[in-house]
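User: Please walk me through this structure. I would like to learn how to read its features one by one.
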2 protein chains.
Amino acid sequence: MYQIAVMGHGVVGSGVVEVFYKNRESIQKKAGAEMDIKRILDLQEFPGCPYEDKFTKDFQEILNDPEITVVVETMGGLNPAYHYVKSCLLSGKSVTTSNKELVAAKGAELLKIARENNVNFLFEASVGGGIPIIRPISQCLAANDIETIEGILNGTTNFILTKMIREQMNFEDALALAQKLGYAEKDPTADVEGHDACRKICILASLAFGRHVYPEQVQTEGISGITLADVEYAENWGGVVKLIARAQKLENGKVLAWVGPAFVSRESQLSTVDDVFNAVLVRGDATGDVVFYGKGAGKLPTASAVVADVIDCVKHVQARKYLYWEDGSPDDVADPMAAEAELYVRAVSGQPHRALEEIKKAFSCVRMLSRSGAPRDELAFVTGRDQEGRLRGRLHEMSGWLEPQSVIRVLEDQ
Amino acid sequence: MYQIAVMGHGVVGSGVVEVFYKNRESIQKKAGAEMDIKRILDLQEFPGCPYEDKFTKDFQEILNDPEITVVVETMGGLNPAYHYVKSCLLSGKSVTTSNKELVAAKGAELLKIARENNVNFLFEASVGGGIPIIRPISQCLAANDIETIEGILNGTTNFILTKMIREQMNFEDALALAQKLGYAEKDPTADVEGHDACRKICILASLAFGRHVYPEQVQTEGISGITLADVEYAENWGGVVKLIARAQKLENGKVLAWVGPAFVSRESQLSTVDDVFNAVLVRGDATGDVVFYGKGAGKLPTASAVVADVIDCVKHVQARKYLYWEDGSPDDVADPMAAEAELYVRAVSGQPHRALEEIKKAFSCVRMLSRSGAPRDELAFVTGRDQEGRLRGRLHEMSGWLEPQSVIRVLEDQ
């Protein structure tokens, strides 16, 4: 009999308990062993809950219980999750977590501790909720060299952008609707400003490329500046605006990573990923493009991913899973300004005719865009591909003629 | 040092050797062990090949070599692959295969032998080429009850249908083009008539639902009867024609499985899967819809999936992977005629006005479809949902007024 502890009885944690008891028979069959949940750690009271007797407020009751072999962490945040998880691994317990903030900040360190203590540290649920992505990348694509990972990793912002694209709702109204429907938090900063997507791309990039990419190394921009004008110009260009997280291994061995709004061509599979859905595209040297798609959040999808990790921990109490990356360094990550890019620009100009001439001179492959009802002083265009720093430099040089309101990357087609 | 044998040096087998030696260093790192390919079995000669000294024409040299612990089977077909694979498993060697015909026909038996001999029998490459799908279903979705699996599992027919939809090419021309480009065999029967997709859905259904579903139990129809008229009516209806393979667990515990052309709504993620791409949608009780998308065939994608299985075999020489299903029986599979469906019908009638009245009487939720340039005696409609047998019975009763030319299922939206 394997005993499990669940730390945190919020949305995901209570879902883990629910999924476990609902499908316990098939879960035990798949794990090839008897299992039970012995302790649930939460500071709140849950009177009348059918598992009331399992609750504890004292982490030491879990840490010091030699019967507990697998610990689930669904508390979220860095503290005290980091301390608790580290202590469990050091005391020889396997840990599975849905906490992307923890993995993005401390993944390399915790993986190392897990290895040194011959236990597993798994986190399938930290990216893409119920979409299997961590395990396919680490196992199924083991015979590939991964070149690029790009995706729509945040459901809240994808919902907001979908409303803007399909129903011409403006950003503020779409955000208010997302909050009303429970898709966005009261304080939506982590989603809307791209921090959540940034943590997830850090985890995927670290896994795919073998060295830790830290959130502070990834240029991150949110969608709060996106207007309906940008959405219309994207339509005219032939695509949609999406919040994209992207990591690419460059030929010099460095990782180019960014999070930000991007123009995505209608030809791309990512362009049809709407509402709260997420999708991750993995480009390998042998497989070509593989896309994983599904609901990226939600109680039961995320909980089922955690429980699958628990099964894996039980099946591998003796054998360690291969899931590892090294510590990272500032040198690992490339400067986006030095890489190739294409930019969409929406700007105003007091002398639009003169500005148009300057734009055509500055960007050799420029393509002007149009929308109905545009103010006469508005200009919009995509620049053609060049070094991003050079493109932005040219825009800066034109600041006498042209005042950019919005600058968005164009996602490269393959 | 783990020694590997590769049986069959055709497209996939030579790809396995190529991928192995190209990425050997990272493969060994991931496996945590040294590995080499010791023998390659093929009846042909490969003079000048860099691995010439490894070739053998004698299967016994592999079977009787105690150093060989993992055997790759990429010969295809049932014989002698079945005999060889069975012998290897019985003698304590793990086997990984890309041979869908073998797994669809003999999976349950070979999995049982593998279990009895404490070795692994893996076949990630048998479905979806380089798209990870077998492993995510068996592991990542372990905490789910899977309800439905549906997908576009054959790239050749998807290429042909894409040409018909996008370029109004007729079936014969699109097939000829597919053959010219190497996407279709000289004898295209297995692809075009749905047998290949049938084998794949058998494997996925067996894995998801735990009991073997055999190809002869699955009602299978190909796309050779699809015309440009059907493509136009699908467009008018609001979708596209795709060759769909589908398996669903019914409430009575039986599996409903079929392969055939289907109208797919533009709202479905499957509708935008074009050209030679494949996609598999898995609907779980906890995860909701998860879609796996990528190139479903090709030398390197398929080979990389095989090599990933080899890595898994080496890592699990002592521990068995959970991948198992029981033998099946005729009672496991439901009769599609007894299940709910909606049908698209294209028909001719000598008395179209009278026929229209009869159609409206027979199908209460009928929706008539139109296309430009339709002959005056042509009628097309979708029936609304009802028991499939009842719908077909009503069509039969109208045979005096209406002569169906094409009857295609409408894929249910979720």
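Analyst: We will take the symmetry, the interface, a helix pair, a single helix and one residue in turn. This is a predicted model: local features need pLDDT of at least 70, side-chain atom pairs count only at pLDDT 80 or more, and totals for chains, interfaces and linings use all residues. Residues are numbered from 1 along each chain as its sequence is written, while chains are lettered from A and ligands numbered from 1 in the order in which they are written.

User: By what turn and shift can chain A be laid on chain B?

Analyst: Copies are superposed by least squares on C-alpha atoms of residues with pLDDT of at least 70 in both. Here a turn of 180° and a shift of 0.0 Å along the axis lay chain A on chain B, with an RMSD of 0.0 Å. The two copies are therefore related as by a two-fold rotation axis. F292(A) is the residue of chain A that comes closest to that axis, at 2.4 Å (C-alpha). Both copies use the same surface: 100% of the contact residues of chain A recur in chain B.

User: How many residues does each chain bring to the contact?

Analyst: Two residues are in contact if their C-beta atoms, placed from the backbone, lie within 7 Å. Chain A brings 43 residues and chain B brings 43 residues. On the side of chain A that touches chain B, α2 (24-31), α6 (134-140), β12 (288-295) and α12 (299-315) each supply at least two residues. α12(A) gives the most, with 10 residues. Helices (H or I, at least four residues) and strands (E, at least two) are DSSP runs, numbered from the N terminus.

User: At what angle do α7 and α8 of chain A pack?

Analyst: Two packed helices are described by the angle between their axes and the distance between the axes. Axes are lines fitted to C-alpha atoms, for helices over the stretch in contact, and angles run from 0 to 180 degrees between N-to-C directions. α7(A) (155-167) and α8(A) (171-180) pack at about 130°, with axes 9 Å apart. That makes α7(A) oblique to α8(A) (under 35 degrees is roughly parallel, over 145 roughly antiparallel, 65 to 115 roughly perpendicular, the rest oblique). Among the contact residues are F159(A) of α7(A) and L175(A) of α8(A).

User: Which residues of α1(B) are buried?

Analyst: Buried means 20 or more other C-beta atoms within 10 Å of the residue's own, exposed 12 or fewer, partly exposed in between; C-beta atoms are placed from the backbone. V12(B), G13(B), S14(B), G15(B), V16(B), V17(B), V19(B) and F20(B) are buried.

User: Where is K86(A) found?

Analyst: K86(A) sits in helix α4 (81-90) of chain A. K86(A) counts as partly exposed because it has 18 C-beta neighbours inside 10 Å.
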